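Here is a note for a colleague who has not yet looked at this structure. Please keep the sequence and the 3D view open while reading.

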Amino acid sequence: PSTIIEYQIPQGSFVNLTVYDMLGREVKTLVNENKGAGSYSTELDGTNLPSGTYIYKIKAGDFTDTKKLVLIK
């Protein structure tokens, strides 16, 4: 039970990618570091997570985006 989250950074910046449950509790931080411009991917290993719906939020510089993800085991 894992998935790959892909993202692109147009210019170097500090990147934070965090996964939350539907109650807004932080589940995992996947990325929390400076990255240069380019395409990246990171794996969410859901082995220790229950099946359900999760939200992941990516922040890079002034950009912020939130997406939904469904984990089915």
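The points below go through the sheet, the core and a few single residues of this predicted model.

1. The sheet. Four strands make up an open sheet, ordered β3-β2-β5-β6, with antiparallel pairing. The edges are taken by β3 and β6 (63-71); each has a single partner strand, so one side of each is left without a neighbour in the sheet. On average, neighbouring strands here are turned by 15° against each other, direction ignored. As background, strands of a sheet pair through backbone hydrogen bonds, either parallel or antiparallel.

2. The pairing of β2 with β3. Strand β2 covers residues 13-21 and pairs with β3 in the antiparallel sense over 8 bridges. One residue to look up is Val15, whose bridge partner in β3 is Glu33. The two strands form a hairpin with 4 residues between them. In that turn, Gly24 has a positive phi of about 90°.

3. The pairing of β2 with β5. Strand β5 (residues 52-60) runs antiparallel to β2, and 7 bridges join the two. Within β5, Lys57 is the residue that stands opposite Thr18.

4. The nonpolar core. Which residues have the most contacts inside the largest nonpolar core? They are Tyr7, Val15, Leu17, Tyr54 and Tyr56, in a core of 15 residues. Two or more residues come from each of β1, β2, β5 and β6. The most comes from β5, with 4 residues. In soluble globular proteins, nonpolar side chains tend to be buried together.

5. Tyr56. This core residue can be followed through its contacts. Leaving aside neighbours within four places in sequence, Tyr56 touches Ile5, Leu17, Thr18 and Val19, among others. Its contacts also include Asp65, Thr66, Lys67, Lys68 and Leu69.

6. The aromatic pair. The structure holds 1 aromatic pair. Tyr7 and Tyr40 form it, and the pair is stacked, at 5.7 Å centre to centre with 25° between the planes. Tyr7 belongs to strand β1 (residues 2-9) and Tyr40 to strand β4 (residues 38-45), so the pair ties together parts that are 33 residues apart in sequence. Are these two tyrosines buried or exposed? Tyr7 counts as buried, at 9% relative accessibility. Tyr40 is partly exposed, and its relative accessible area is 24%.

7. Lys35. This lysine lies in strand β3 (residues 26-35). With a relative accessible area of 19%, Lys35 counts as buried because the cut-off is under 20%. Apart from neighbours within four places in sequence, Lys35 is in contact with both members of the aromatic pair, Tyr7 and Tyr40. Its other contacts of this kind are Gly12, Ser13 and Val15.

8. Asp21. This residue is in strand β2. Asp21 is buried, at 14% relative accessible area. Its side chain is joined to that of Arg25 by a polar contact of 2.7 Å. Setting aside neighbours within four places in sequence, Asp21 is in contact with Val27 and Tyr54. Tyr54 is also listed among the residues with the most contacts inside the largest nonpolar core.

Notes
Residues are numbered from 1 along each chain as its sequence is written. This is a predicted model: local features need pLDDT of at least 70, side-chain atom pairs count only at pLDDT 80 or more; totals for chains, interfaces and linings use all residues. Side-chain values use heavy atoms; hydrogens and water are left out. Rings of Phe, Tyr and Trp (its six-membered ring) pair if their centres lie within 6.5 Å; planes under 30 degrees apart count as stacked, over 60 as edge-to-face and the rest as tilted. Buried means under 20% relative accessible area, exposed over 50%, partly exposed in between (1.4 Å probe, protein chains only). Contact means heavy atoms within 4.5 Å. Two strands pair if DSSP finds at least two bridges between them. Axes are lines fitted to C-alpha atoms, for helices over the stretch in contact, and angles run from 0 to 180 degrees between N-to-C directions. A nonpolar core is a set of buried Ala, Val, Leu, Ile, Met, Phe, Trp, Tyr and Cys residues joined through side-chain atoms within 4.5 Å. A polar contact is a pair of N or O atoms within 3.5 Å; within protein, one must be able to donate a hydrogen and the other to accept it, and residues adjacent in sequence count only if both atoms are side-chain atoms.
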